[in-house]
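Student: Can we go through this model together? I'd like to see how each label gets its backing.

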Amino acid sequence: MLQAFWQKLVDWLKSAAGLTVLVTIVLTVVTTLDRGPYILVNTVVIGGMLALISVGLALIFGVLNIPMFAHGEYFMIGGLAAYAVFKPLEGLVKAGPGSLFALVAPLIAILAALVAGALAGAVTEVLAIRPLRKRARQNWVMNSFLLTVGVSVVLINAHQMILGVEFKGVDRFYSGVPLDFMGAFVSRDRVFAVILSFILIVAFWLFMGRTKTGRAIRAVSQDETGAMMVGIPLDSITMLTMAIGCALAAVAGGCLLFLYPTYPTAGMEPLYMAWFVVILVGLGNVIGALVGGFMVGLARVLTIEYIGTGWEYVVPTCLIILVLLIKPSGIFGTEVRGVLDQ
Amino acid sequence: MDLAAKDSSMNAFQWILDKLCLTPLGLIGLIILAVGPLLPGMDQEYLIRWITLAIFIAASAIAFDLTVGYINIVNFGFNAIVGLGGYTSAILAARVGLSPWVGMFIGAFTAAVTGFLVGLLTLRHRGIFAALVTWFIGLALMGVCQKWVPLTRGMLGLRAPQLFQTSSNVPYYYMILIMMVIIFIICRWLTRSKMGLAFQAIGQNMEAARTSGINPVWYRVANFTISCALAGWLGWFYAHYIGILTPDFMHTSKTVEVLAVAYIGGRSSLWGGPFIAIPFLVSMELIRSGFSNLPGIHLVIYGLVLILVMIYYPGGVAALYYKYLAKPKNSILRFLVGYREAKEVLRRRS
């Protein structure tokens, strides 16, 4: 029993997925020993958030076959919603740190981000993507991609038009002394972000695996016609998928408000990073995106640490070129059906 | 349709127009553009500058349409390639002192080589891969231009010598107009040739094309390389017209501008982009300056138009033209629509 498990583990470690995961872990440990524990902390914070965003992206690509270009804008919407809710409460929170209200207020803000993201995603699906789906399915991947490019342009500039270009951020969600982690001081907000991202990842996992709706979503991703034949309502499933994917990005936007204040093009960088993840692990692979988020998070942290800011686009691009040359289906392989040939 | 084919029913005028790939209607449009700056009331520098930049976007849209309309690959790093051509020429001019007129060829060549390598890397895979990877390569190129400060001066902007020793925009206007016509003719000749037939076959159904003995990768890479070479050439013009290059020019949002013009004009028509570029971009510019209290409103309209076109009229303006002006009964109209165009339209109809 133990031997069989061991054999399986060794086999997995020899595969591309296992090797990269191993390299990531070793690299994290080595660089943490080299430069200090904040490398590990940053990787986990950025990686957790990136995992949330890219899981949404991979889900939408895997189930609906839409390569979302506007995903970053839902990150921005989440940040905006959290800002709109938390900013009025900030004075009250500062007046009584340690009270129950100060503990709950950030959670309300994140909840607002989640709801806003889900609503925005559902509205986008109904207003933009469903009409396209009803009209024509040929060349769907490219057309829906360009459609979301249009959505992205509209959302960015509507933000700029209505709310202006200035940064909208909060100083902190939770005040109080930073926590001590192996000699590095970690602010409470970062801990909060990490815990929240892990809770959401587990909740998402359970939802997809254990609930009837989650199974319906997976069924649609495997075979749309078959899913329709067994009585799965396609329209509501597509809407739900969009809502979940966008809500995950929006939660990340709300959580990171203390780190990245929101402004019209705030979503661009998370979008690039999430796409790096999704291509690296294989298009539409949801589980791979979870792991890949931490890998790209590490790559980003290391690039900034050892090479300097501004090179964080160059290094992942080189990684992607390598992956395309060696294993075009991505590190974890892709399970999306073959409608994408074109 | 073979390029050398000469129908006996063609007269000399039709034959020349056919070689230039123009319809009489297109010729009239070009004549209007050519005499435009000479008309009274049109000689304001800002207006000519706007139209020059609009024609620049129009020419970009033609080169962009060669890949998007014919082999169905969206080159999302298009403007990075344009910028690469511009930077190459500008760096050579600024650091080595090379004349821009030589830099033109080197800029286009660099862009072509980059396009060739990117094409080899991505075009073996599905179309969406090519779109995403060209996007990232574009971002990486922009990052390099931002951060390689000793060579490119980064965000400070690289000065490029002007092409003409004048402060007027008119010489540049004619320059880009001629460049646009040349690019149009190159792309039209390509798509009319046997190669163009292969492009269309690949764009419509790759498996069927492969079965009939077409090597999709070769044709896709060839198409992509040509498009990138043209992009590099346009970048050269931009660098030496504006006089200063910043990495912002290589950003994806600039590619989206070209993409919107190409799509609203009509995919795989080549003339749709140039046809709508000037009215569309100039009216956008008017909206932008008219509603200065609402910054970004012109881009909201831009995005909305793109969404509506994508959903309700994927063929753009060109498809409207083929649908309603297809087979004019009036003999003057039939003359204006042009010989080969009219034949083509009839073929599409049947």
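Tutor: Sure, and keep in mind that this is a predicted model. Let's begin with helix H5 of chain A, residues 100–135, which has 36 residues.

Student: How do you know what span to expect for H5 of chain A?

Tutor: You count 1.5 Å for each residue, leaving one residue out of the count. For H5 of chain A the expected span is 52 Å, and the helix reaches 52 Å from its first C-alpha to its last, so the two are close.

Student: And where is the kink in H5(A)?

Tutor: At A:Ile129, with a bend of about 45 degrees, shortly before the proline A:Pro131.

Student: What else is in chain A's secondary structure?

Tutor: Chain A comes to 13 helices and 2 strands.

Student: Why is chain A called as compact as a globular protein of its length?

Tutor: Set the value against the rule: the globule rule gives 20 Å for 342 residues, and the radius of gyration of chain A is 20 Å, so the label fits. Buried residues also make up 49% of the 342 residues in this chain.

Student: What makes B:Asn72 count as buried?

Tutor: The cut-off is 20 or more other C-beta atoms within 10 Å. B:Asn72 has 21, so it counts as buried. You'll find B:Asn72 in the loop between helix H3 (45–70) and helix H4 (78–96) of chain B. Its phi is positive, about 65 degrees, although B:Asn72 is not a glycine.

Student: How do you know whether B:Leu270 is buried or exposed?

Tutor: Use that cut-off of 20 again. B:Leu270 has 26 C-beta neighbours inside 10 Å, so it is buried. It sits in the loop between H12 and helix H13 (272–290) of chain B, and its phi, near 70 degrees, is positive in a residue other than glycine.

Student: Which residues have the most contacts inside the largest nonpolar core?

Tutor: A:Ala250, A:Val251, A:Val278 and B:Val261, in a core of 227 residues. Helix H3 (residues 38–64) of chain A gives the most to this core, with 19 residues. Leaving aside neighbours within four places in sequence, the contacts of A:Val251 include A:Leu52, A:Ile110 and A:Leu200.

Student: How many residues does each chain bring to the contact between chains A and B?

Tutor: Chain B brings 35 and chain A brings 36. On the side of chain B that touches chain A, H6(B) gives the most, with 13 residues. That side divides into 26 nonpolar, 7 polar and 2 charged residues.

Terms used: Residues are numbered from 1 along each chain as its sequence is written. Chains are lettered from A and ligands numbered from 1 in the order in which they are written. This is a predicted model: local features need pLDDT of at least 70, side-chain atom pairs count only at pLDDT 80 or more; totals for chains, interfaces and linings use all residues. Helices (H or I, at least four residues) and strands (E, at least two) are DSSP runs, numbered from the N terminus. The bend at a residue is the angle between axes fitted to the seven residues ending there and the seven starting there. The radius of gyration is taken over C-alpha atoms; the globule rule is 2.2 Å times the number of residues to the power 0.38. A residue is buried if 20 or more other C-beta atoms lie within 10 Å of its own, exposed if 12 or fewer, and partly exposed in between; C-beta atoms are placed from the backbone. Two residues are in contact if their C-beta atoms, placed from the backbone, lie within 7 Å. Ala, Val, Leu, Ile, Met, Phe, Trp, Tyr, Cys and Pro count as nonpolar, Asp, Glu, Lys and Arg as charged, and the others, Gly among them, as polar. A nonpolar core is a set of buried Ala, Val, Leu, Ile, Met, Phe, Trp, Tyr and Cys residues joined through C-beta atoms within 7 Å.
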